[in-house]
Amino acid sequence: MEVLDQIRRRAAERPRRIVFPEAEEARTLHAVVRLAAEKIAMPVLLGDPQRIHRVADREKVNLSGVEIVDPATSGQLRDLSRLYYERVRARGITEDEAGRQVLDPVYFGALLVASGVVDGSVSGAVHTTAETVRAALRCIGLREGISIVSSFFLM
């Protein structure tokens, strides 16, 4: 547990805004509430607020004070759609296709990171590693000089 305790301490020293695209997943909601209560992060849930609250009610999770953003009604949708289109148009993706893709919470979350609105994203409870990494690569990209992608998880 020492490694996780060190991570928690460092995170609590400077909590960051972290987006959670899988907001209708019960484990995600439990984790978000704990992160907020322990002031480890400032979580942002992505998805339809009514659906998220239905899951929270079923799970007896209190989301008061946790920010929820619906990609479909967000004031940032147009700007994030443009940003995504600029990044993928060389692949032959149309503006309409880009606009539809941005509605996917994993892509919307990665674009929030790319635009600096949030500091990071946590995904992979529902989506595969491939889906999560694909969104990150297309929306955020690799730092110059980096050519290898790697991931890990702690339990």
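**Figure 1. Arginine 51 and its partner, glutamate 24.** At 42% relative accessibility, arginine 51 is partly exposed, since buried means under 20% and exposed means over 50%. Keep in mind, as you look through these views, that the model is predicted. Arginine 51 shares a salt bridge with glutamate 24, and their closest N and O atoms are 3.1 Å apart. This pair ties together distant parts of the chain: arginine 51 sits in helix H3, while glutamate 24 belongs to the loop between E1 and H2, 27 residues apart. Glutamate 24 is partly exposed too, with a relative accessible area of 33%. Side chains of opposite charge can pair when their charged atoms come close.

**Figure 2. Aspartate 70, a buried charge without a salt bridge.** Find the loop between strand E3 (67-69) and helix H4 (77-88), and you will find aspartate 70. Which side chain of opposite charge is nearest to aspartate 70? The nearest one is arginine 51, 8.9 Å away, and aspartate 70 is buried yet has no salt bridge. A salt bridge needs the side-chain nitrogen within 4 Å of a carboxyl oxygen. Leaving aside residues up to four places away in sequence, aspartate 70 touches Gly47, Asp48 and Pro49.

**Figure 3. Two more salt bridges to explore.** The structure holds 7 salt bridges, and one of them joins arginine 27 to glutamate 25, with an N to O distance of 2.7 Å. Are these two partners buried or exposed? Arginine 27 counts as exposed, at 54% relative accessibility, whereas glutamate 25 counts as buried, at 14%. Another salt bridge links arginine 89 with glutamate 86, at 3.4 Å from N to O. Here arginine 89 is partly exposed, with a relative accessible area of 44%, and glutamate 86 is partly exposed with 47%.

**Figure 4. Two lysines with positive phi.** Most residues other than glycine have a negative phi. Lysine 39, however, has a phi near 55°, a positive value. Where does lysine 39 lie? Look in the loop between helix H2 (26-37) and strand E2 (41-46). Lysine 39 counts as exposed, at 58% relative accessibility. Now turn to lysine 60, which is not a glycine either but has a positive phi of about 60°. Lysine 60 is part of the loop between helix H3 (49-59) and E3, and it is exposed, with a relative accessible area of 75%.

**Figure 5. Arginine 14 and alanine 41.** Arginine 14 belongs to the loop between helix H1 (2-13) and strand E1 (16-20). At 56% relative accessibility, arginine 14 counts as exposed. How many residues separate arginine 14 from alanine 41 in sequence? They are 27 residues apart, and in space their C-alpha atoms are 8.2 Å apart.

**Figure 6. Stepping back to the whole chain.** Count along the chain and you will meet 7 helices and 4 strands, in the order α-β-α-β-α-β-α-α-α-β-α. The radius of gyration is 16 Å, close to the 15 Å that the globule rule gives for 155 residues, so the chain is as compact as a globular protein of that length. Its C-alpha trace spans about 45 × 40 × 25 Å along the principal axes, and buried residues make up 32% of the 155 residues. The charged side chains number 22 positive and 21 negative, and the centres of the two sets lie 2 Å apart.

Conventions
Residues are numbered from 1 along each chain as its sequence is written. This is a predicted model: local features need pLDDT of at least 70, side-chain atom pairs count only at pLDDT 80 or more; totals for chains, interfaces and linings use all residues. Side-chain values use heavy atoms; hydrogens and water are left out. The radius of gyration is taken over C-alpha atoms; the globule rule is 2.2 Å times the number of residues to the power 0.38. Buried means under 20% relative accessible area, exposed over 50%, partly exposed in between (1.4 Å probe, protein chains only). Lys and Arg count as positive and Asp and Glu as negative; His and the chain ends are not counted. The place of a charge is taken as NZ of Lys, CZ of Arg, CG of Asp or CD of Glu. Contact means heavy atoms within 4.5 Å.
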